[in-house]
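The following note sets out some remarks on the model under review. It is arranged as numbered points for ease of reference.

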There are 2 protein chains.
Amino acid sequence: MADLKIAIDCMGGDFGPSVVIPAVHQSLLKHQNSSSKFKSNSALGLNAELSSSPTGILNVYFNLFGNEAGILSELSKSKILNHPNISIIQSEDDVLMTDKPLTALKKKKRSSMRLALESVRDGRSHACVSAGNTGALMAVARFILKMLPGIERPAIISAIPTLKDSSVYLLDLGANIDCDEKRLFQFAVMGNVLCKSIDGIQNPKIGLLNVGEEEMKGSERLKITAKLLEEHPGLNYCGFVEANQIFTGDYHVIVTDGFTGNSVLKASEGLSEFLTTKLKLAFQRNWWTKWIAIFAKPVINIFKHEINPERYNGACFIGLRGVVVKSHGGANVNATFFAIEEAISQAIKKVPSRIRETLESNK
Amino acid sequence: MADLKIAIDCMGGDFGPSVVIPAVHQSLLKHQNSSSKFKSNSALGLNAELSSSPTGILNVYFNLFGNEAGILSELSKSKILNHPNISIIQSEDDVLMTDKPLTALKKKKRSSMRLALESVRDGRSHACVSAGNTGALMAVARFILKMLPGIERPAIISAIPTLKDSSVYLLDLGANIDCDEKRLFQFAVMGNVLCKSIDGIQNPKIGLLNVGEEEMKGSERLKITAKLLEEHPGLNYCGFVEANQIFTGDYHVIVTDGFTGNSVLKASEGLSEFLTTKLKLAFQRNWWTKWIAIFAKPVINIFKHEINPERYNGACFIGLRGVVVKSHGGANVNATFFAIEEAISQAIKKVPSRIRETLESNK
């Protein structure tokens with residue numbers, strides 16, 4: 001049995017501890033093998049312990065960073081006050097959603113976000129979850145945890161549901177607006193490792209997002225990236241893909257620059273909202289459709305569950321020397337729970353070390 | 001009463017005349033004021049006639065370009081053989097979906113696509129509709145029709161449904177992979193004119209797609225574009241928008257580069273397919289859900305009609321000296337009909353001349 005410690009920035013997001021604490025509770029309930037004693041270990045010791053328990057039987061501990069009074073009040077509401085697997089670390093600042101990255105970095109050195117990241121750096125936690133300001137989280141994470149050798153900036157990666165059983169990992173989702181071929185190549189390497197580690201896919205199919213599948217399509221940069229990916233023996237590069245293929249499940253990893261990835265992701269959120277609203281309106285049209293809606297509700301609920309974005313909450317900042325999961329700012333309890341689970345999975349699979357090994361073996 | 005002549009490339013798309021001819025028939029039925037005599041006019045004469053009939057009471061004529069035998073066979077099936085409003089112009093080549101733009105341009109000088117565009121250039125038609133190879137259509141249209149003064153390349157623009165009553169015009173959808181600030185600015189001007197002319201919006205709200213709404217977000221190029229748009233008195237520029245806002249209906253025109261626009265549009269197509277498939281599967285789950293599906297079908301049909309992509313078929317190549325509407329390669333009869341209607345609308349509103357006037361008044 002291994003110990004796993006997750007650092008939670010309780011002050012990020014729109015709802016702070018009132019959402020984070022019930023999600024922590026949900027996670028504690030899931031991982032019921034928790035021991036009653038809260039230990040502190042060095043990073044090395046923790047890694048050794050985790051290695052000895054690849055089956056995933058875990059004691060999960062939480063280091064909660066933020067306003068102690070607020071956290072205690074929510075722990076009390078959730079009836080997990082004095083839970084042995086929970087520690088509280090008082091912070092002195094909150095990073096606001098409106099703060100510039102530089103403000104968070106230079107002026108808020110005792111913020112819950114920064115303290116949570118420092119606890120990962122110092123080996124007191126295996127992973128950090130925050131729903132805070134994305135730009136600030138990236139800047140602080142990069143400063144505190146540092147990048148893996150050869151990687152300049154983190155990429156944001158997330159699993160997207162598809163029509164097949166598997167998800168597809170899409171990256172970058174907004175951390176890197178301009179990407180040269182080297183960076184796009186690194187995205188493919190990192191996505192490949194994440195997909196292998198988390199989803200257990202042996203040889204993930206990798207696609208490079210473009211405006212057409214034909215080799216002649218797209219910018220010079222994309223053509224050079226395609227060549228780099230083709231030539232790499234460790235990658236199962238399958239060519240250019242168009243954005244409609246994100247959802248078909250024919251690919252496991254799709255690589256693009258942060259501007260396009262962010263736009264595609266947000267457009268998908270907007271369209272989901274548009275379509276579910278249109279569906280709701282169709283059922284509210286008149287008394288007859290409202291009557292049908294009563295019967296159809298269980299089916300619509302199945303549909304909503306299937307496409308529930310909460311299940312896909314938790315984008316990862318990949319390329320850092322530690323696991324950092326970004327939860328959506330507006331995430332509810334259930335969505336936050338999924339972000340915590342994502343952090344746990346990545347910590348168990350030691351994604352950063354695996355990426356490092358892959359990058360080193362490529363030299 | 002005015003005469004309007006539409007050039008149709010019957011050989012483009014996946015289905016050729018078998019889809020195009022029934023769509024032409026549908027359009028003929030809609031515009032029933034057709035006279036029985038087919039006339040030929042110069043561009044000037046035609047424009048003068050159209051000007052005299054702003055109410056839209058039209059005689060619509062079709063110049064059909066392609067394989068005469070194939071077209072005649074389909075006209076016969078649709079029972080509009082020898083229809084007085086139809087002329088057939090035999091072509092000698094077909095532009096294939098796999099043809100490079102240069103091949104279409106240099107080696108297929110008697111293709112149905114090119115002849116249709118030449119008929120617009122020579123004033124024998126007011127607009128051209130083609131479901132052919134996008135790259136080829138753009139290259140040939142640019143060569144034959146030429147660009148409006150000050151515009152280097154066409155942009156692809158299309159109306160997208162939103163949660164409000166109005167659509168939003170999104171451009172560029174793939175014609176310009178790399179766009180500098182000048183080009184993005186021109187997109188805004190052209191989108192503004194199209195929105196005013198076609199939808200009658202007095203002062204369209206214009207947004208510039210970015211990864212965040214804050215002024216500090218995005219590339220230098222976007223910041224410069226924002227400044228150009230802000231400073232222009234004739235444009236109602238409303239700032240950066242994120243891609244989820246495409247569907248809210250809060251904007252009338254959203255401007256982006258062709259790579260992002262194309263990716264957002266295709267991702268939306270893919271997600272629509274994903275969500276409607278998931279909805280279908282939820283209703284096919286077991287005998288009970290299948291039973292509910294029988295009752296819910298009329299409601300689901302309302303929903304499907306509301307979001308029907310066929311209604312939004314017909315992207316326009318804007319910035320040319322003539323109206324060119326690109327129908328989807330896989331468009332069915334109904335979708336092709338909507339593309340023809342789009343061409344008719346743009347020809348009536350003389351969109352290219354209006355853009356020209358606006359650009360000239362900006363000098």
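1. In this predicted model, B:Glu220 and B:Glu231 are exposed, and they lie on the other side of helix α8(B) from its buried residues. Those buried residues are B:Leu222, B:Thr225, B:Ala226 and B:Leu229. They occupy an arc of only 105° around the axis, and therefore fall on the same side of α8(B).

2. What lies over the buried residues of α8(B)? The cover includes helix α7 (181-199) together with the strands β7 (205-209) and β8 (236-241), which belong to chain B.

3. The length of α8(B) may be checked against expectation. The helix runs over residues 220-231 of chain B, and its twelve residues, at 1.5 Å a residue, should span 16 Å. The C-alpha atoms at its ends are 17 Å apart, which agrees with that value.

4. The relation between the two chains deserves comment. A turn of 180° with a shift of 0.0 Å along the axis lays chain B on chain A with an RMSD of 0.1 Å. The two copies are thus related as by a two-fold rotation axis. The same surface serves both copies, since 98% of the contact residues of chain B recur in chain A.

5. How many residues of chain B are in contact with chain A? There are 46, and they meet 46 residues of chain A. On the side of chain B that touches chain A, the elements giving two or more residues are α9 (258-283) and α10 (287-307) of chain B. Helix α9(B) provides the largest share of this side, with 20 residues. By residue class, the side of chain B that touches chain A divides into 23 nonpolar, 14 polar and nine charged residues.

6. Chain A is divided into two parts: domain 1 (2-154 + 319-361) and domain 2 (157-310). Taken over C-alpha atoms, the centres of domain 1 and domain 2 of chain A are separated by 26 Å. Domain 1 of chain A gives 17 residues to the contact between them, and domain 2 of chain A gives ten residues.

7. Which helices contribute to the side of domain 1 of chain A that touches domain 2 of chain A? Helices α11 (333-348) and α12 (351-361) of chain A each supply at least two residues. The residues of this side of domain 1 of chain A divide into eight nonpolar, six polar and three charged.

Conventions. Residues are numbered from 1 along each chain as its sequence is written. Chains are lettered from A and ligands numbered from 1 in the order in which they are written. This is a predicted model: local features need pLDDT of at least 70, side-chain atom pairs count only at pLDDT 80 or more; totals for chains, interfaces and linings use all residues. Copies are superposed by least squares on the C-alpha atoms of residues with pLDDT of at least 70 in both. Two residues are in contact if their C-beta atoms, placed from the backbone, lie within 7 Å. Helices (H or I, at least four residues) and strands (E, at least two) are DSSP runs, numbered from the N terminus. Ala, Val, Leu, Ile, Met, Phe, Trp, Tyr, Cys and Pro count as nonpolar, Asp, Glu, Lys and Arg as charged, and the others, Gly among them, as polar. The expected span of a helix is 1.5 Å times one less than its number of residues. A residue is buried if 20 or more other C-beta atoms lie within 10 Å of its own, exposed if 12 or fewer, and partly exposed in between; C-beta atoms are placed from the backbone. The arc is that of the directions from the helix axis to the C-beta atoms. Domain bounds come from an automatic or database domain assignment.
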